[in-house]
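User: Could you take a close look at one part of this model for me, starting with a single side chain and its partner? I would like one connected walk-through, with the reasoning spelled out where there is some.

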Amino acid sequence: METLSFEFPAGQPPLGRALVGCVGSGDLEVLLEPGVPGKLTIQVLTSVNGSSARWQHLFDRMFDGQTPPALSIDIHDFGATPGVVRLRLEQGFEEIGHD
């Protein structure tokens, strides 16, 4: 198991929280909570050692040219593909956008 940390510039925190996915099915769970204004922090707990560059590239592509909301994101990964990771994150962003 490896723990990775990432940080990106962000806007204001949202009001909502979200939990999407399940480690038991789909190999990925994402918890999104309001964070510190101006900062998006991501902590990844992964079973795939040595995958830091893959995660960095995925997040760089997702947030390039965007200002995401200020969040604290915890990801529990047990071998999910980049497509599943992106899908779960997009689901989480959609959930926190609901009233």
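Analyst: Arg17 is exposed, because its relative accessibility of 57% is above the 50% cut-off for that class. Please keep in mind as we go that this is a predicted model.

What does Arg17 form a salt bridge with? The partner is Glu33, and the closest N and O atoms of the two residues are 2.8 Å apart. As a general point, side chains of opposite charge can pair when their charged atoms come close. Glu33 has a relative accessibility of 24%, so this residue counts as partly exposed. It also helps to see where the two ends of the bridge sit. Arg17 belongs to the loop between β1 (2–9) and β2 (18–22), while Glu33 is part of strand β3 (residues 28–34), so the salt bridge ties together parts that lie 16 residues apart in sequence.

Let's stay with that loop for a moment. Leu15 is found there too, between β1 and β2. With a relative accessible area of 88%, Leu15 is exposed. Leu15 also has a partner to look at from far along the chain: His98 is 83 residues away in sequence, yet the C-alpha atoms of Leu15 and His98 are separated by 9.3 Å.

From the loop we can step into strand β2, where Gly21 has its place. Gly21 counts as partly exposed because its relative accessibility is 32%. Leaving out residues up to four places away in sequence, Gly21 touches Leu28, Glu29 and Arg88. Leu28 and Glu29 fall within the residue range of β3, and Arg88 falls within that of helix α2. Gly21 can also be placed relative to Leu31: the two are 10 residues apart in sequence, with a C-alpha to C-alpha distance of 8.9 Å.

That contact with Arg88 brings us to helix α2, and to another salt bridge. How many salt bridges does a search of the whole structure find? It finds 2. Besides the pair described above, Arg86 forms a salt bridge with Glu90, where the closest N and O atoms are 3.0 Å apart. Arg86 and Glu90 are 4 residues apart in helix α2, so about one helical turn separates them. Arg86 has a relative accessible area of 32% and is therefore partly exposed; Glu90, at 39%, is also partly exposed.

Arg86 and Glu90 have another role in this picture, since both are among the α2 residues that contact helix α1. The axes of α1 (residues 52–63) and α2 (residues 82–96) come within 11 Å and cross at roughly 45 degrees. The two helices are therefore oblique to each other, and their crossing is right-handed. On the α1 side, the contact is made by Arg54, Trp55, Leu58, Phe59, Arg61, Met62 and Phe63; on the α2 side, by Pro82, Val85, Arg86, Leu89, Glu90 and Phe93. Sorted by class, that contact has 9 nonpolar and 4 charged residues, with no polar ones.

Leu58 gives a good view of this contact from the α1 side. Is Leu58 buried or exposed? Its relative accessibility is 5%, so Leu58 counts as buried. Not counting residues up to four places away in sequence, Leu58 touches Pro82 and Val85, both of which belong to the α2 side of the helix contact. The C-alpha atoms of Leu58 and Pro82 are 7.0 Å apart, although the two residues are separated by 24 residues along the chain.

Let's finish with Ser52, which is also found in α1. Ser52 counts as partly exposed because its relative accessibility is 33%. Setting aside neighbours within four places in sequence, Ser52 is in contact with Leu4 and Phe6, which fall within the residue range of β1. Pro68 is 16 residues from Ser52 along the chain, and the C-alpha atoms of these two are separated by 21 Å.

Technical notes: Residues are numbered from 1 along each chain as its sequence is written. This is a predicted model: local features need pLDDT of at least 70, side-chain atom pairs count only at pLDDT 80 or more; totals for chains, interfaces and linings use all residues. Side-chain values use heavy atoms; hydrogens and water are left out. Axes are lines fitted to C-alpha atoms, for helices over the stretch in contact, and angles run from 0 to 180 degrees between N-to-C directions. Angles under 35 degrees count as roughly parallel, over 145 as roughly antiparallel, 65 to 115 as roughly perpendicular and the rest as oblique. A crossing is left-handed if the near helix is turned anticlockwise from the far one by less than a right angle, and right-handed if clockwise. Contact means heavy atoms within 4.5 Å. Ala, Val, Leu, Ile, Met, Phe, Trp, Tyr, Cys and Pro count as nonpolar, Asp, Glu, Lys and Arg as charged, and the others, Gly among them, as polar. A salt bridge is a side-chain nitrogen of Lys or Arg within 4 Å of a carboxyl oxygen of Asp or Glu. Buried means under 20% relative accessible area, exposed over 50%, partly exposed in between (1.4 Å probe, protein chains only).
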